[in-house]
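Here is my note on the structure you asked me to look over. I have set it out as numbered points, so you can take them in any order you like.

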Amino acid sequence: MNIPINTDLSVSDLSVHSQSGPIVSGVSLAVGRGRPLTLLGESGSGKSLVAQAIMGNLPNELRATGHILFKGAEILRETPSERRRRWGRSISLLPQEPWLALDPTMRVAPQVAEVHRYVKAKSVEDSAVAARSNLSDVSLQQAAELYPFQMSGGMGQRAAIAIAHAADAELLIADEPTKGLDAALRRSVTARLLSEVEAGRLLLTITHDVAVARALGGTIGVMLDGRLVEYGEARKLLEAPEHSYTKALLAAEPARWEPRKQKNAGEMVVAGRGLEKRYGDKALFSGLDIEVAAGEIVSIFGPSGCGKTTIGNILLGLAKSDEGMVERKPDLSPLRFQKLYQDPPAAFAPHQTIRKGLKDLVRLHGKDWADVEALAGRLRLSDILLDRLPGQISGGELQRFALLRALLLAPVFLFADEATSRLDPVSQKEVVTFLREIVEETGLAVLLVTHDRDVAEKISTRMIDLGGSRLRDR
Amino acid sequence: MKNFLVARLLQAGIVSVAVGALCFILMRVLPGDAAMRIAAGRYGPDARIADAAEKVRLELGLDRPIAMQFLEWLGSLARFDLGHSLVTGRAVAHELQVQLGASVWLAAAALVLSLLIGPIVGLFGGLKPGGAADRLGLMGAVIFRAIPPFVLGLILMLVFSRQLGWLPPAGFGSPREILLPALTLALGLAAMSSRVTRNAVAAVAQAPYFAFARYKGLSEPIVVRRHGLRNAAIPVVSYLGLQAIYLIEGVVVVESLFAYPGIGHALVHAIVERDIPMVQGTALMMGLMFVAIGAAVDLLTLWLDPRTGKTV
Amino acid sequence: MSTIDNMTSTRARTGVGTARLAGAGLLILLGGFALLGPLVISSDPSAQDLGASLAPIGGDYLLGADHYGRSLLARLAHGARLSFGMAFLTMLAAAVPGILLGLAAAWKGGWAERMLEFVATVVLALPGLMLVLLLLAFSPGDYGPLFLGLSLTLWVEFYRLTKATTRTVLAQPHIEAARMLGFGSRYILVHYVLPVIGPMIATLSAFAMATAIIAVSTLSAISVGLQPPTPELGSMIVELLPYFAEAPVHVLLPAVLIFLLVLGLQLLAQGDRA
Amino acid sequence: MRMMKALFLTLTLGAPISVSSACAETLKVAGPWEIAGIEPAQTGYVFSRLQVAETLVTTDKQGTLAPGLAKRWTVSDDGLNWSFALRDNAVFHDGTKVTAEAAVASLRRTLGGVGVLAQAPIAEIAGEGGEIRIKLHKPFSALPAYLVHFSTIILAPSSFDGAGKITGIVGSGPYQVKTLTPPARLELEGSGRWWGGEPGISEVSYLAVGQGETRALMAESGEADLVFSMLPVSVDRLKANPKLDVQIATIPRTRILKVNAASPFFDQIEERQAISAAIDRVGITKVILRNADLAATQLFPPAMKGWNIARVEPLTQDVEKAKALLAAAGWTPGRDGILEKDGKRFSVTMLTYSSWPELPPLATALQAQLRRVGINVKVSVGNSSEIPARHKDGTLEMGLISRLYSIVPDPVGTLLQDYGPGGSDWGATGWDNKEMQAVVEKLAATSDASVRAPLQTQAVEILQQELPSIPVTWSELAIVSSKRITGVAVDPLEVNYGLSSIRWVK
């Protein structure tokens, strides 16, 4: 691997060991001024551990070996208190899901000001002035007196950037900076990170989102199972990936999915007419007409909080609309209307093995266990997984079990509520592919709710955009 | 804020009427002759109780219909009049003034002492779960919770009054005398609140904002002070509201033990002597104390946790 | 990262495990004493021998005799049985209605729940001890009112815990999913709700029993509980207390027995509430 | 140790210890009685004992009547007109003189209320010019004794409001009320106006402590200088304490088993005698009262001169005799050892109450002893009013009570009630003995000691033979004082504790 010599942070042969063996091994990389590094990989690939090793906050059970050179100092040899002294001074962290990382009981301004007050030892007044300027840098001057719970996710993210900025450290580590943000917000976050790079800061970003890596440019490292499988200049790596995992990862980007073939829709399965839902005196939506026909995938697209999930629930009869009516194709058992959930672990009883749940379902409806086996084979779910608890298998597998469970009842309508948004790109693509196949084969009608325009565009026959004119940043 | 007050006032009203009605019914259906008991309470066991009971019956109109007596009670309650003690003949409100005051002092002293013990033990335990402080704290909490309050009181009495002669075993009025009963209550309270604090602190120490405060470069004492204490205090304070029950009940036992003339002491006497207005009055006060503590906890939580501001 | 989580949680679990084990062991020992003691020990716990007043430990009487010359061993065994029995019955009488009402409130919601909530608030605002005292006044010294009064105050906690937990469980997507998959309420109750509330109820039950043991002995100690010559541990302490200068260990014995009983239950209940 | 104490207090209170030194001048007194109200009929004894208020007549330490506010009294030959002459120098705490008008008003109020005075055959109370005249319906020799009772304390007119309701205690004793915090604390100070001179210690603080064991601790820890009513079990321990003095006096109080002589269980003399013979009085007194001399071999204790008759056969334990008597009364042992007669088991409820802490333990002991002769007793500890209530409706079977024979210093007053027609709350139930009634009537009418003596003997003999109430134990009063004080004396009648003659030891 080709490591530039003139770097400010270089990592060589970094391994992280737990009691049961190495979890990260042989990682070497470098970050230089003007050349941000992005570590790309799915959860569990070890990318966060690399960042923690650099930051010096690995859990006590873990031990790091190798070399981390930062401005000529060997970080791994430093004592915990020496490493801690770097925090906020030479290394700062942009935490993932910053709205959780802000103290919920403190207004934003003092959370920024305390960096100046206690880390930089400025006076109280100077700290307040400096904090205000940090906040106005991220256009949050109006929000200085707000509590974190009063701010949107995007504002929280900006507040965290202001805090990281206040520290004015040379190295900024951004941990999953776009996790939990809508697509529209991602762009503004990457733009801000790039401006930090332009200001001369070293930037190390951890992400599972290829789009973020692309936008940041610089160098990209791809991690899989604790190893750095591919490392190189961003443009080159994205255009001509060498490792098969990198290829799969890139192919799994919704923007690269094959567009859906147009097919004639069958007869209407379920429809809502003139639907309206109010929260208090504010209408989420009103006069909404929606119709889903057999063999059709209809997408509802919009930012979070726009009521898109409510529409699906109204069609399923799980929620009531304030106005309008729901029409269903007559003479169908309600069991044939099913739902896939956003968070797959929450859709399974946590202490019941998958097998027990499926067995009870088969017995309840007088089905044959062979049906389960057939579907499991079809969805590439191996038999060993059946005896595990929902918490013990991955989100992608679990979502496929959810699909299996629904398919056992021969559904005519499936409401997929953000069903893939929490999955890794590769798993997401897998689930979506199965769903498409099933729709084509069985004429299943699907209502898909998503905040990702690319997903909606690629797979649906029709799209309903609920958030077009709304404020993106709630 | 206005809603909050209205809700608490409503709760206080409901509690008053419910407590009053319940006491009234229970006291009325109790076996035995109320006039006899009242006479015994007034004139002591050496007196000619049967004769005295006849006078009591006439004096208090105990032979009027029950419904009428209850309506009268409700009517006077609406005028904030709790009636007169059947035994001493003085206004219940007047009787309770002294006793309620004494109990409030006792409860407050117990609370303060328990806050000096419990949360501090809990803080050290929670900052390092599994450490020596945590284990010691756990052991202490389990032990003190397993000792019935009256046994604890007796032990303290024997040690501090009899063996060491430092503190009086009974009495009231000065800080010296309040210390033993308050400590008895406080140790029980602290045993529970230390564990709640420990868990709250441990939860806060695990929270992403606590870690982020460290990553900001703040030193550990500043992290704990600025981001730990307030957040950990929120569950502790709401737990204190629950402890009110323990406190109010504990007051009854501890007051009997230490001859402390508070509201709990008054309640036991009033029940034995069938002093219905006093029972109603004390029960009412205890209920209202409970509501008041609840309100105080709400206010404190409101101040500690800006998030609750929206919901109340 | 999940391995780390597992590691820490298993370690924590074993820590609690030893405490639980110790608690269970203690309770088995005490339970054996309470159950078998009265059968094995032939002496009548109320038989007096004024000549053997305050007989020392280890003489004719294994654990000595109280001021009336009654065998302390026999009294302790009967006292333990009484405490255990009362506590268990009280817990049952509080848990059964508490759990059922809690389930009903969480399931039905609406009016039924508001009514129950109101009742619970009123009961909570009534000092429990007062309720017990009032009920005891009905028939002093009887087990009935004592245990009724205690259950009346304890059920609320069972009700609240069951309601809150059940409501959280019922609000989870997997319940909605199960309903959509055609599972009935019975299945959801047995397979999804009970496994979650079960351990919590078990913990709470142990705590409730501990509370009941302390309450019964406390009431006897302020002379409103059970009546002589019932070998109740709390009244034994109070009866023997004046003699503490002459026979300190005699006074200590029932106190230690209560302590161990409650300690055992507390250790067994060691959960997140520890 | 002192260092430790100072450190401890400073730590816990965060304040320097000045408390104990500031109170050094106050005599700290603890007793069991709570001051629930200030109505003389209810709590007058507190004010009488602590010398806040005085009665017309009082007693000396031997229990004989002595001048109180009245310096002397006379009775007309027909025994109907009594005259009491007031002291000239008696002054109420508000500065007004104790006049006959004030005393009459106070006594008239007492007469109209609940109390012993209402039981005397009084027709009229009047007075003028330092003399109080009481007119009777019929001769009543015990009248001066009745005027010792605490309910007859003489209070100044300023103690009452317009409606006659009591608002404060303005008495004439050496001490006046400084503050009263019901029900537990009473602070007194020297009034500076007493006819008997200045009290030795001018500041007194009384604290009501219900638990006997706690009172003992108060004495041991030096928190109280003078403590009344010690539990018998603590007495030995306190006697051994070098810092304390213990004084004991036998008081005219007897714990008796009150039985319903109209019930099928106790309607025959043999049954009552059997119960008496079944009781191990010596064992009980030794263990519970720690003094075997208190075993009640007859109703009145030896200290009651003329009422304790040496020649009556003492009541003692004899289990075989008890069994024989029961057999003679027709009771035969059933299968489980419990006696039966005509298919009815000898199973009774013994009511008692905890106003006197020794009663429940006594009941427990009696229960076990009666069980040995085949009587099943269920003990029920309740409110003291239950016994009068059950006496009244006739459902009482057996009650263990504590009876005071000096409610007024002359026991006749009590006997008149207890063994008169129909019995009384604390006397006989279902026992109607004409002979006894005649004897007591005669006693009440005369104050001639030579006439009374044989009558008293006769009364005691009847009670000893018939046993309408079965004596169990006599009582004593134990007072503990710190060696810091001197001049403490026990008043067996508990009329006046003589605080004013107590001095600090120099």
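The points below begin with chain A and its sheet, then turn to the contacts between chains and to a few helices.

1. A word before the details: please keep in mind that this is a predicted model. All that follows should be read in that light.

2. Let me start with chain A as a whole. Chain A holds 16 helices and 18 strands. Its radius of gyration is 25 Å, close to the 23 Å that the globule rule gives for 474 residues, so chain A is as compact as a globular protein of that length. Along the principal axes, the C-alpha atoms of chain A fill a box of roughly 75 × 50 × 40 Å. Of the 474 residues in chain A, 46% are buried. The contacts reach far along the chain, too: among those between residues at least 6 apart in sequence, 72% join residues at least 24 apart.

3. The sheet I would look at in chain A is an open one of five strands, with parallel pairing and the order S15-S16-S17-S13-S18. Its edges are strand S15 (337–340) and strand S18 (462–465) of chain A, each of which pairs on one side only. From one strand to the next, the twist averages 15°.

4. Now follow the pairing from the S15 edge inwards. S15(A) runs parallel to strand S16 (residues 413–417) of chain A, and four bridges join the two. Here Phe337(A) stands opposite Phe413(A) of S16(A). Helix H14 (residues 395–407) of chain A packs on the sheet, where it touches S15 and S16 of chain A. The direction of H14(A) makes about 175° with that of S15(A).

5. Further in, S16(A) and S17(A) also run parallel, joined by five bridges. Phe413(A) turns up again in this pairing, with Ala445(A) as its bridge partner in S17(A). On to the next pair: strand S13 (residues 297–301) of chain A and S17(A) pair in the parallel sense over five bridges. There, Ile300(A) has Val449(A) of S17(A) as its bridge partner.

6. How many of the residues of S17(A) are buried? Strand S17 (residues 445–450) of chain A is mostly covered, with six of its six residues buried. Both of its faces are covered. Ala445(A), Leu447(A) and Val449(A) lie on one side, Val446(A), Leu448(A) and Thr450(A) lie on the other, and all are buried.

7. Turning to the assembly, which two chains share the most contacts? Of the five pairs of chains in contact, it is chains B and D. Chains A and D, in contrast, are joined by no contact, and their closest C-alpha atoms lie 33 Å apart.

8. The B–D contact brings together 43 residues of chain D and 38 residues of chain B. On the chain D side, the elements that give two or more residues are helix H1 (2–13), helix H3 (40–49), strand S10 (203–208), helix H6 (212–220) and helix H12 (386–393) of chain D. H1(D) gives the most to this side, with five residues. By class, the side of chain D that touches chain B has 20 nonpolar, 15 polar and eight charged residues.

9. The contact of chains B and C takes 33 residues from chain B and 28 residues from chain C. The side of chain C that touches chain B draws two or more residues from each of helix H3 (110–125), helix H4 (128–138), helix H7 (185–221) and helix H9 (248–269) of chain C. This side of chain C divides into 23 nonpolar, four polar and one charged residues.

10. Within chain C, have a look at helix H2 (residues 72–108) and helix H5 (residues 143–171), whose axes come within 6 Å and cross at roughly 35°. The crossing of H2(C) and H5(C) is right-handed. Their contact has 20 nonpolar, six polar and two charged residues.

11. Lastly, is helix H11 of chain B enclosed or exposed? Of the 11 residues of H11(B) (residues 263–273), 11 are buried, so the helix is largely enclosed by the rest of the structure. Among these buried residues are His265(B), His269(B) and Glu273(B). Arg274(B) follows H11(B) and has a positive phi, near 60°.

How values were computed. Residues numbered from 1 in each chain as written. Chains lettered and ligands numbered in written order. Predicted model: local features only at pLDDT ≥ 70, side-chain atom pairs only at ≥ 80, totals over all residues. Pairing = 2+ DSSP bridges. Axes fitted to C-alpha atoms, helices over the stretch in contact; angles between N-to-C directions. Contact = placed C-beta atoms within 7 Å. Rg over C-alpha atoms; globule rule 2.2 N^0.38 Å. Buried ≥ 20, exposed ≤ 12 C-beta atoms within 10 Å, placed from the backbone. Nonpolar A, V, L, I, M, F, W, Y, C, P; charged D, E, K, R; others polar. Left-handed = near helix turned anticlockwise from the far one by under 90°.
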